[in-house]
Amino acid sequence: MKAVVDVAADKNKSKTPIKQEKIVTVGGGSLNGEVAISGAKNAVLPLMAAALLTEDECIINNAPCLDDVLVMLSVFKALDGRAEFDGHQLRLNSRGVEPRAVKPEILRQIRASNLILGPLLARFKEAEIGACGGCSIGSRPMDIHFAGMEALGAKILPLAGGYFAFARQLKGTDIYLKFPSVGATENLLMAAALSEGQTRLHNAAAEPEIEDLAAFINAMGGSISGAGTADIVIDGARKLHGVEYTVMPDRIETGTFLLAGALLGGKIRLLGARAADVQVQLSVLRQMGVEYQSMAGEITVQGGPLKAVRVETAPHPGFPTDLQPILAAVLCHAEGESIICEQIFENRFGYINELKKLGAAIQIRDNCAIIKGSKQNDWHGAKLAASDLRAGAALVLAALSAEGQSEITGVHYIDRGYEDLVGKLRRLGADIKRC
Ligand code: UD1
């Protein structure tokens with residue numbers, strides 16, 4: 001996909017119109033062939049924020065063409081950064097950046113907009129952020145981010161609809177995160193990268209995207225070790241320089257296609273997938289009786305009869321919450337009773353009533369979904385509404401597993417985090433289109 005976005009020319013556009021499109025599927029077929037895994041949404045967004053740490057140009061290759069990336073570009077532009085998005089290459093230059101307030105209607109569109117806090121505070125000693133948005137899957141507070149910034153020496157003042165953070169100087173220290181929040185770990189990595197002295201993060205998030213961010217900052221001249229574990233050590237640099245970097249493959253998209261293959265295969269090859277990042281997903285597939293093979297830079301998965309499993313979501317290396325809805329959709333066709341418990345977000349079962357319209361037998365007890373497996377030919381097409389990004393992908397796969405035609409609205413959620421999901425599924429043989 002080639003998207004050229006001249007962000008400088010796009011200055012006054014702050015609201016993304018909600019797309020009225022829908023996805024139409026005719027289920028019952030199988031998937032076969034090859035699919036290329038895109039660059040990771042959850043890695044590219046923090047890298048874009050980290051580009052604020054330097055006055056030099058940063059080039060990010062393999063950037064996925066996603067609505068969330070376009071929103072992050074609007075944030076960058078609103079701070080007076082210069083940016084180009086050509087094909088899958090992002091060129092970001094923050095020489096002229098000012099730590100000014102970004103309009104709340106831009107910040108509200110994605111939760112990751114809060115990632116400007118760390119780099120702006122580090123470079124300018126002040127930052128203003130709004131109440132950040134994102135998918136409505138839980139309350140998503142910022143207390144862990146703020147506690148860490150305060151430990152580095154910042155003060156955080158609440159404003160109407162946001163926060164103002166400032167510091168005379170940021171000084172490295174030991175910071176214990178009360179929960180391994182991904183966003184807080186990323187914000188603190190970026191703030192500490194330009195702080196004076198050494199910062200040690202304890203109970204940090206260990207997601208592969210944190211490793212990508214640390215590698216990006218190290219390539220800018222930073223000094224971070226231990227990323228990808230719970231203990232990260234950051235030696236603050238005086239200045240960071242520009243970099244050219246290739247973003248990691250998307251492990252959530254990889255997991256989505258692995259589960260799609262398990263549900264609808266056929267046999268599909270995921271090109272560019274990194275098996276090391278999806279070990280827990282592969283182990284769940286194994287328990288479900290799914291056959292797969294992994295080798296350098298690709299994974300092949302083959303569909304077949306599925307067995308019920310019990311899974312709970314957890315911070316990395318546990319089962320990712322972002323794949324919980326998609327796994328649930330697949331387990332609806334596994335033999336026996338499956339249980340999925342959601343441990344990260346409190347409101348992540350919004351899709352279940354939609355799955356029931358197709359024929360799913362699911363009960364919610366506290367934070368767990370109890371799923372009774374049913375045969376695919378007992379399911380029938382339905383009109384479905386996606387309520388968030390991953391729920392949207394779950395509904396698309398579920399609809400493809402049901403006999404007959406389904407329609408899914410809420411396409412704008414899916415476009416936030418999947419690059420051309422419909423095109424990729426269609427090229428694998430699915431009967432699916434946008435209209
Ligand atoms: C990131 C991912 C998102 C994923 C999530 C968990 C990005 C852009 N998004 O989101 O796709 O679902 O990790 O893997 O990378 N929390 C607090 N206080 C805080 C921060 C978080 O209580 O200050 C809580 C949240 O309410 C939530 C949990 O911690 O219950 C996890 O949130 P966090 O890891 O911060 O997720 P995000 O970085 O927002």
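Trainee: What follows helix α9, and what is the sign of its phi?
Mentor: Glycine 289 follows α9, and the phi of this glycine is positive, near 85°. Helices (H or I, at least four residues) and strands (E, at least two) are DSSP runs, numbered from the N terminus. This is a predicted model: local features need pLDDT of at least 70, side-chain atom pairs count only at pLDDT 80 or more, and totals for chains, interfaces and linings use all residues. Residues are numbered from 1 along each chain as its sequence is written, and side-chain values use heavy atoms, with hydrogens and water left out.

Trainee: Which elements do the buried residues of α9 pack against?
Mentor: The buried residues of α9 (279-287) are Val280, Gln281, Leu282, Val284 and Leu285. They pack against α8 (251-264), β16 (291-295), β17 (298-302), β18 (310-312) and α10 (324-331).

Trainee: Why is lysine 41, in helix α1 (residues 41-50), called buried?
Mentor: Buried means under 20% relative accessible area, exposed over 50%, partly exposed in between (1.4 Å probe, protein chains only). Lysine 41 has 9%, so the residue is called buried.

Trainee: What makes the pair of lysine 41 and asparagine 42 a polar contact?
Mentor: The term requires a pair of N or O atoms within 3.5 Å; within protein, one must be able to donate a hydrogen and the other to accept it, and residues adjacent in sequence count only if both atoms are side-chain atoms. Here the side chains of lysine 41 and asparagine 42 meet at 2.9 Å, so the pair qualifies.

Trainee: Which residues beyond four places in sequence are in contact with lysine 41?
Mentor: Contact means heavy atoms within 4.5 Å. Lysine 41 has such contacts with residues including Pro64, Asp68, Asp250 and Arg416.
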